[in-house]
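Me: I have a new model open and would like to go through it. Short answers are fine.

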Amino acid sequence: MYLDHRVTVKIARVLNMIDMSALLLDANGNVILPEGDQRTFTIPEEALANPTTPFIYGAMTLIGTSDDQPVFVCLHGDSDDIKKCAVLCAELINVLMREDMSHSNREQSLRQMLRGDVEGAEFESLAAEHNIPVKMNRCVLYFYFQDMEVETAIRVMMDAVDSEHDIVTEVGHHSVAMLKAVDEDADFDELEEYANAFESSFLTETGTTVFIGISDPRTDLMAIPDAFAEARSAINVGRVYHGNKHVFVYRNLLLERFLNEVSPQLGASYNSRIFNRKTARLFNDEMIHTIETFFDNSLNLSETARKLYIHRNTLVYRLEKVQHAIGLDLRNFDDAVTFKMMMLLGKGEGNRRLRL
């Protein structure tokens, strides 16, 4: 269950009143509070099966806030007094969470829909209550503001939102989702241009980087959780394989999504057949930039040389050095595809930590 910033502030006040070390964990063991704590704990199956019963976890007392979609209070110690304190904290936090849910506004309801926290009749009821059409062609744009809190980001981005058709909601402390109406024959080049313009404008106005993922369109609101997952996945996959980009279209990442399924060990094994100690001097930053620019310009020698501000013969010389060293002529389509796949496999191994 996702807790928006207003609820976490209230819960933080509760935990701060306890004169002992306290953590709030989600059901996957990720630390929610204190903010900034990146640790992940393994919640025992016994605690997940009976979340509202205090569970001693090493020298800690663990208890969930409810039987349905709980978050877990974790207090240091295992005495009877600490168990009682944990129970009271969990009950109070549950009240705060339920109170927030009972006052759900349009944005909060959309967040529940996107994250798949509601389904069936409740999904349709929330859509009707907040006048969100069930049938409309829409995609999801996921915005990840790396160095900015979400409240500030939303204030800045609202000028670029079509308030009549598009809905924006917080989905993380640095993340925003936009449910965006698109034409039935959605032009993804235009969507990418829109996202690139937003990214450039946001950087100019705030000096902050934003990453944007764009999902495939859906005509039925009930399918929006899948679109939300695609938009988020586009950023996760795109940042791994295209470190110089900030806007990622899910449908344009088919090769990268495939490579993302390859195990790190297998990927590293194949990557090392080209990128190893023997070729390290050849594949320096300049050479890699040359090759990537060549690929970005569809293996066009003249256009690539122009973009790199070098003579065409200089580019040919560099590519021939590669061919001599590893036997792949990058001017040949099949060899270029082979090289690119091996290169992307290496990026996948090294940059998995970038995922949201």
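**Working through the chain**

Me: Where does Lys84 lie?
Reply: Lys84 lies in helix 3, residues 80–102. Helices (H or I, at least four residues) and strands (E, at least two) are DSSP runs, numbered from the N terminus. This is a predicted model, where local features need pLDDT (the predictor's confidence in each residue, from 0 to 100) of at least 70, side-chain atom pairs count only at pLDDT 80 or more, and totals for chains, interfaces and linings use all residues. Residues are numbered from 1 along each chain as its sequence is written, and side-chain values use heavy atoms, with hydrogens and water left out.

Me: Is Lys84 buried or exposed?
Reply: Exposed, because the relative accessible area of Lys84 is 54%. Buried means under 20% relative accessible area, exposed over 50%, and partly exposed in between (1.4 Å probe, protein chains only). From C-alpha to C-alpha, Lys84 is 49 Å from Asp159, and the two are 75 residues apart in sequence.

Me: What is the pLDDT average of the chain?
Reply: The average is 86, and 93% of the residues score at least 70. Among the elements, helix 1 (residues 5–16) has the lowest mean, 74, and helix 13 (residues 312–326) has the highest, 96.

Me: How many helices and strands are there?
Reply: The chain has 14 helices and eleven strands. Its C-alpha atoms fill a box of roughly 75 × 50 × 35 Å along the principal axes. Of the 356 residues, 46% are buried.

Me: What about contacts?
Reply: Contact means heavy atoms within 4.5 Å. Among contacts with a separation of 6 or more, 59% are between residues 24 or more positions apart.

Me: Back to single residues. Where is Val161?
Reply: Val161 sits in the loop between helix 6 (150–157) and strand 7 (167–172). Val161 counts as buried because its relative accessibility is 13%. Leaving out residues up to four places away in sequence, Val161 touches Asp166, Val168 and Met178.

Me: Now the largest nonpolar core. Which residues touch the most other members?
Reply: Ile274, Phe275, Phe283, Ile291, Phe295, Leu330 and Phe339, out of 28 residues in that core. A nonpolar core is a set of buried Ala, Val, Leu, Ile, Met, Phe, Trp, Tyr and Cys residues joined through side-chain atoms within 4.5 Å. Helix 8, helix 11, helix 12 (301–308), helix 13 and helix 14 each supply at least two residues of this core. Helix 14 gives the most, with six residues.

Me: What does Ile291 touch?
Reply: Not counting residues up to four places away in sequence, Ile291 touches Phe283, Val322, Leu330 and Phe339. Apart from this core lies another, of 26 residues, including Val140 and Phe228.

Me: Next, pockets. What volume does the second largest pocket have?
Reply: About 660 Å³. Of the 30 residues lining that pocket, the closest to its centre are His242, Glu292, Phe295, Asp296 and Lys340. On a 1 Å grid over the protein atoms alone, a pocket is an open set of points where a 1.4 Å probe fits, with protein on both sides within 12 Å along at least five of seven lines; lining residues have an atom within 4 Å of a point. A volume is the space filled by probe spheres set on the points, which are joined across faces, edges and corners.

Me: Which element gives the most to the lining of that second largest pocket?
Reply: Helix 14, with eight residues.

Me: Anything on the backbone?
Reply: Most residues other than glycine have a negative phi, and most peptide bonds are trans. Leu33 and Pro34 are joined by a cis peptide bond, with omega about 0°. Pro34 is in the loop between strand 2 (31–33) and helix 2 (45–49).

Me: And what is the phi of Asn131?
Reply: Phi of Asn131 is near 55°, a positive value in a residue other than glycine. Asn131 lies in the loop between helix 5 (120–129) and strand 6 (135–145). Asn131 counts as exposed, because its relative accessibility is 63%.

Me: What about Leu299?
Reply: Leu299 also has a positive phi, near 65°. Leu299 is in the loop between helix 11 and helix 12. Its relative accessible area is 22%, so Leu299 is partly exposed.
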